[in-house]
Amino acid sequence: MPGHPSLAGRSFFLVLSSTGGMGGGGSALRVCADHRGGINWLSLSPDGQRLLTGSEDGTARLWSTADGQCCALLQGHESYVTFCQLEDEAAFTCSADCTIRKWDVLTGQCLQVFQGHTSIVNRILVANNQLFSSSYDRTARAWSVDKGQVSREFRGHRNCVLTLAYSAPWDLPGAPCAEEAVAGGLLVTGSTDGTAKVWQVASGCCHQTLRGHTGAVLCLVLDTPSHTAFTGSTDATIRAWDILSGEQLRVFQEHQGSVICLELANRHVYSGSADRTVKCWLADTGERVRTFVAHRHSVSALKYHAGTLFTGSGDARARAFDAQSGALQRVFRGHAFIINCIQVHGQVLYTASHDGALRLWDVRGLPRAPPRPAAPKRSLSRLFSNKVGCAAAAPLQPA
């Protein structure tokens with residue numbers, strides 16, 4: 001939050017000797033500490049050339065993945081940046097100042113201000129030449145990326161809308177009875193009112209309300225080929241839903257605390273919880289197949305990459321686990337506060353923390369899992385936001 005101490009105002013290069021192995025701290029390639037407040041989100045461009053960070057200091061920064069240098073400072077928001085998304089040609093940020101901004105990635109110039117929300121904008125998602133947003137004002141909205149104007153308002157939630165995901169029309173079945181409903185794609189939203197809703201983007205109408213959770217819906221992922229949504233909640237469960245019919249397909253219930261983040265990979269669902277564990281489930285049956293332990297606080301971020309599951313925690317550490325066996329491979333120490341977001345590009349792990357620092361870690365030397373056979377029909381669209389949390393609605397449990 002604003003006022004937290006940070007290493008703000010300076011950027012420096014730090015190299016450590018490689019200390020691989022279960023207890024090692026990894027190799028810190030760079031510590032980027034230009035922000036003057038905690039970093040709330042980290043986004044990697046589709047081409048992998050840039051990173052975008054959004055901060056409590058009200059700014060966003062663009063970084064080069066080639067050398068870790070800050071290449072642009074994005075200034076203009078009047079309050080903290082809650083979330084950001086980086087595309088190859090533009091950057092998008094949303095803020096507690098109720099606005100969304102579009103930025104030029106080469107010059108850092110603000111290209112567009114999206115105004116209309118009346119409270120904090122929690123999340124944004126750019127897909128299919130549209131921008132979707134969720135807000136504490138109980139609405140989600142669709143905007144024209146080019147014009148910056150609202151094209152649809154999605155009203156119906158009774159409390160703040162936290163998370164959202166989009167399924168494009170070409171990812172949905174073409175049955176005659178569904179053609180009109182899915183013509184513009186479907187938007188799925190999760191709220192602190194305990195429900196998720198499925199919206200017809202073309203009409204703005206609510207297609208389905210997904211009821212079953214007894215707590216706030218904090219996170220959401222979509223498996224577009226099977227038109228299935230997975231939602232995680234403060235009620236400590238994950239639920240699977242058919243977004244076309246609204247049917248609840250299964251309930252995943254073994255966590256002892258709020259489900260804070262979700263990751264979907266290779267027909268497995270990974271869930272990070274306030275109970276200090278990550279659990280791995282079979283997406284198609286709900287069977288729990290593995291539990292990842294070692295965290296000393298809530299699990300706040302997840303990223304699956306090349307057979308390795310990376311986690312971020314409220315204990316200020318990132319960890320690498322073998323996704324198949326659950327074995328802890330490496331611990332990355334150095335942050336001072338909770339890790340809010342992680343990304344992986346090539347052989348580098350990026351961690352963004354509430355201490356205001358972006359850290360780059362060398363992940364070479366981690367055991368490589370054997371490649372899995374390709375399954376194009378099951379490949380996941382990148383058009384969704386994997387993880388969302390709301391500290392105000394669901395405070396992390398103390399260690």
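**A walk through the strands and salt bridges**

Strand β15 pairs with strand β16 (residues 196-200) through 5 bridges, and the two run antiparallel. This is a predicted model, so read everything below as computed from that prediction. One of the facing pairs here is leucine 187 with tryptophan 199, its bridge partner in β16. The turn of this hairpin has 4 residues between the strands, and glycine 194 takes a positive phi near 90 degrees there.

On another flank of the story, β15 also pairs with strand β14 (residues 161-167), again in the antiparallel sense, this time over 6 bridges. If you want a residue to click on, try alanine 165, which stands opposite valine 188 in β15. As for the general principle, strands of a sheet pair through backbone hydrogen bonds, either parallel or antiparallel.

How many of the residues of strand β15 are buried? The count is 6 of the 6 in residues 186-191, so the strand is largely enclosed by the rest of the structure. Both of its faces are covered. Leu186, Val188 and Gly190 are buried on one side, and Leu187, Thr189 and Ser191 are buried on the other.

Now go back towards the start of the chain. Arginine 30 sits in strand β1 (residues 27-32). Its relative accessibility is 9%, and because buried means under 20%, arginine 30 counts as buried. Where does the side chain of arginine 30 reach? It gets to the backbone oxygen of aspartate 67, at 3.0 Å. Right by that residue in sequence is glycine 68, whose C-alpha atom is separated from that of arginine 30 by 7.0 Å, although the two are 38 residues apart along the chain.

The next stop is an open sheet of 4 strands, ordered β2-β3-β4-β5 and paired antiparallel. Its edges are β2 (39-44) and β5 (70-74), each with a single partner strand, so one side of each is left without a neighbour in the sheet. On average, neighbouring strands of this sheet are turned by 20 degrees against each other, direction ignored. In the middle of that order, strand β3 (residues 50-55) and strand β4 (residues 60-64) run antiparallel and are joined by 5 bridges. Threonine 53 has arginine 61 as its bridge partner in β4.

Arginine 61 has a second role to look at. It forms a salt bridge with aspartate 34, with the closest N and O atoms 3.5 Å apart. The pair links distant parts of the chain: aspartate 34 is in the loop between β1 and β2, arginine 61 is in strand β4, and 27 residues separate them. Are these two buried or exposed? Aspartate 34 is buried, and arginine 61 is too.

Further along, there is another open sheet of 4 strands, with the order β22-β23-β24-β25 and antiparallel pairing. Here β22 (259-265) and β25 (288-292) stand at the edges; each has a single partner strand, so one side of each lacks a neighbour in the sheet. The twist from one strand to the next averages 20 degrees. Within the sheet, 5 bridges join the antiparallel β23 and β24, and glycine 272 has valine 278 as its bridge partner in β24.

The loop between β23 (268-273) and β24 (278-282) holds aspartate 275. This one is worth a look: aspartate 275 is buried yet has no salt bridge, and the nearest side chain of opposite charge, lysine 279, is 5.4 Å away. What aspartate 275 does have is a polar contact of 2.9 Å between its side chain and that of histidine 255. Leaving out residues up to four places away in sequence, aspartate 275 touches His255, Gln256 and Gly257.

In the loop between β21 (248-252) and β22 you'll find glutamate 254. Its side chain meets that of arginine 288 in a salt bridge (2.9 Å, N to O). Arginine 288 lies in strand β25, so the pair ties together parts that are 34 residues apart in sequence. Glutamate 254 counts as partly exposed at 34% relative accessibility, and arginine 288 is partly exposed with 33%.

A search of the whole structure finds 10 salt bridges. Among them is the one between arginine 319 and aspartate 315, whose closest N and O atoms are 2.9 Å apart; both residues are buried. Finally, Asp137, Arg141, Glu153 and Arg155 are linked in a network of salt bridges.

Methods:
Residues numbered from 1 in each chain as written. Predicted model: local features only at pLDDT ≥ 70, side-chain atom pairs only at ≥ 80, totals over all residues. Heavy atoms only, no water. Buried < 20%, exposed > 50% of the residue type's maximum accessible area, 1.4 Å probe, protein only. Lys, Arg positive; Asp, Glu negative; His and termini not counted. Salt bridge = Lys/Arg side-chain N within 4 Å of Asp/Glu carboxyl O. Polar contact = N/O pair within 3.5 Å; in protein donor to acceptor, adjacent residues only side chain to side chain. Contact = heavy atoms within 4.5 Å. Pairing = 2+ DSSP bridges. Axes fitted to C-alpha atoms, helices over the stretch in contact; angles between N-to-C directions.
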